[in-house]
Amino acid sequence: MKRVKLTAILILVLAFAAAGLALAQDDNMVINSKALGQHTRPLVKFPHAKHSDKLADCTTCHHDFAPNGNRGSSEGQFCSDCHSAQPTAKNSVSLVMAFHKQCKECHRYAAGKGQPAGPVMCGDCHVIGAAAAPPDKK
Ligand code: HEC
Ligand code: HEC
Ligand code: HEC
Ligand code: HEC
């Protein structure tokens with residue numbers, strides 16, 4: 001009897017641990033970079049799972065650029081780990097520019113091919129009242 005209870009508890013603990021892991025990479029994120037300080041526009045919702053499941057490889061967005069120009073992976077890092085609020089000598093692409101360029105270029109490209117595409121207008125990403133600030137992570 002005692003053994004059965006312990007097994008049941010163990011299964012429960014493992015189930016919660018698995019759920020925790022699945023949440024580590026939110027299916028639907030709200031992008032809120034600390035490096036940008038107080039935001040002036042409504043926060044942007046980003047359906048990560050929808051993008052990462054079939055739209056692109058991880059490294060299309062989570063890239064790194066070696067000095068020789070080779071593209072590597074920066075999976076697990078935040079964009080703000082390499083892109084600062086202001087351009088630097090090491091990285092000429094500011095954080096806002098990095099997001100805007102990556103998001104909008106791909107949406108324009110898809111729209112140009114007549115395929116389903118994401119938003120390119122300010123108010124369609126910075127949607128008023130759409131997203132409450134999540135707890136700070138970075
Ligand atoms: C495809 C989605 C998208 C579109 C379209 C878009 N933005 Fe953004 N914008 C973002 C994302 C993502 C960030 C990064 C937010 C962060 O890192 O916290 C951002 C950041 C910003 C920031 C800095 C953060 C802040 O709120 O002060 C400003 C200002 C901004 N955008 C203005 C604009 C304006 C103006 C337009 C239209 C010309 C626009 N954006 C269009 C996605 C978008
Ligand atoms: C269309 C672009 C795109 C694709 C494709 C993509 N990601 Fe992301 N991912 C993002 C953005 C944007 C963020 C938010 C980064 C930030 O806030 O600085 C993010 C965040 C993350 C995070 C951090 C989550 C957190 O909050 O701690 C992980 C982990 C991650 N992605 C893993 C992956 C993996 C694994 C894949 C491939 C299966 C993938 N991503 C594909 C754009 C993408
Ligand atoms: C490990 C560091 C690193 C991370 C993390 C990183 N980048 Fe970059 N990114 C770079 C470097 C280096 C360049 C080249 C900068 C230059 O040309 O001065 C670059 C260039 C870019 C460019 C311009 C070139 C192009 O591909 O269009 C965009 C846009 C961009 N990054 C967006 C992002 C976004 C969005 C994220 C987060 C999902 C991100 N980056 C995460 C290092 C990084
Ligand atoms: C590699 C290409 C690519 C990149 C990079 C990309 N998107 Fe998208 N996005 C798409 C495509 C394609 C769709 C249309 C998907 C569909 O409707 O099936 C889309 C759809 C969306 C939608 C609408 C989702 C819905 O359910 O209607 C939002 C919001 C969005 N993207 C936000 C962003 C933001 C914010 C970024 C940058 C952090 C970004 N996307 C980066 C390709 C991209």
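Biologist: How do the residues of the shell around ligand 1 divide into nonpolar, polar and charged?
Modeller: This is a predicted model, where local features need pLDDT of at least 70, side-chain atom pairs count only at pLDDT 80 or more, and totals for chains, interfaces and linings use all residues. Residues are numbered from 1 along each chain as its sequence is written, with chains lettered from A and ligands numbered from 1 in the order in which they are written. Ala, Val, Leu, Ile, Met, Phe, Trp, Tyr, Cys and Pro count as nonpolar, Asp, Glu, Lys and Arg as charged, and the others, Gly among them, as polar. The split is 11 nonpolar, eight polar and two charged.

Biologist: Which residues come nearest to ligand 1?
Modeller: A residue is near a molecule if its C-beta atom, placed from the backbone, lies within 6 Å of it. There are 21 residues around ligand 1. The nearest are Ser-33, His-39, Arg-41, Cys-122 and Cys-125.

Biologist: Which element gives the largest share of the shell around ligand 1?
Modeller: Helices (H or I, at least four residues) and strands (E, at least two) are DSSP runs, numbered from the N terminus. Both α4 (95-112) and α5 (122-125) supply at least two residues. The largest share, six residues, belongs to α4.

Biologist: Which residues come nearest to ligand 4?
Modeller: Around ligand 4 there are 21 residues. The nearest are Ala-56, Cys-103, Cys-106, Pro-116 and Gly-118.

Biologist: Which elements give two or more residues to the shell around ligand 4?
Modeller: That shell has 14 nonpolar, five polar and two charged residues. Its largest share, six residues, comes from α4. The elements are β2 (44-46), α2 (48-55), α3 (58-61) and α4.

Biologist: In what order do the elements of the protein run?
Modeller: The protein has five helices and four strands. From the N terminus on, the order is α-β-β-α-α-β-β-α-α.
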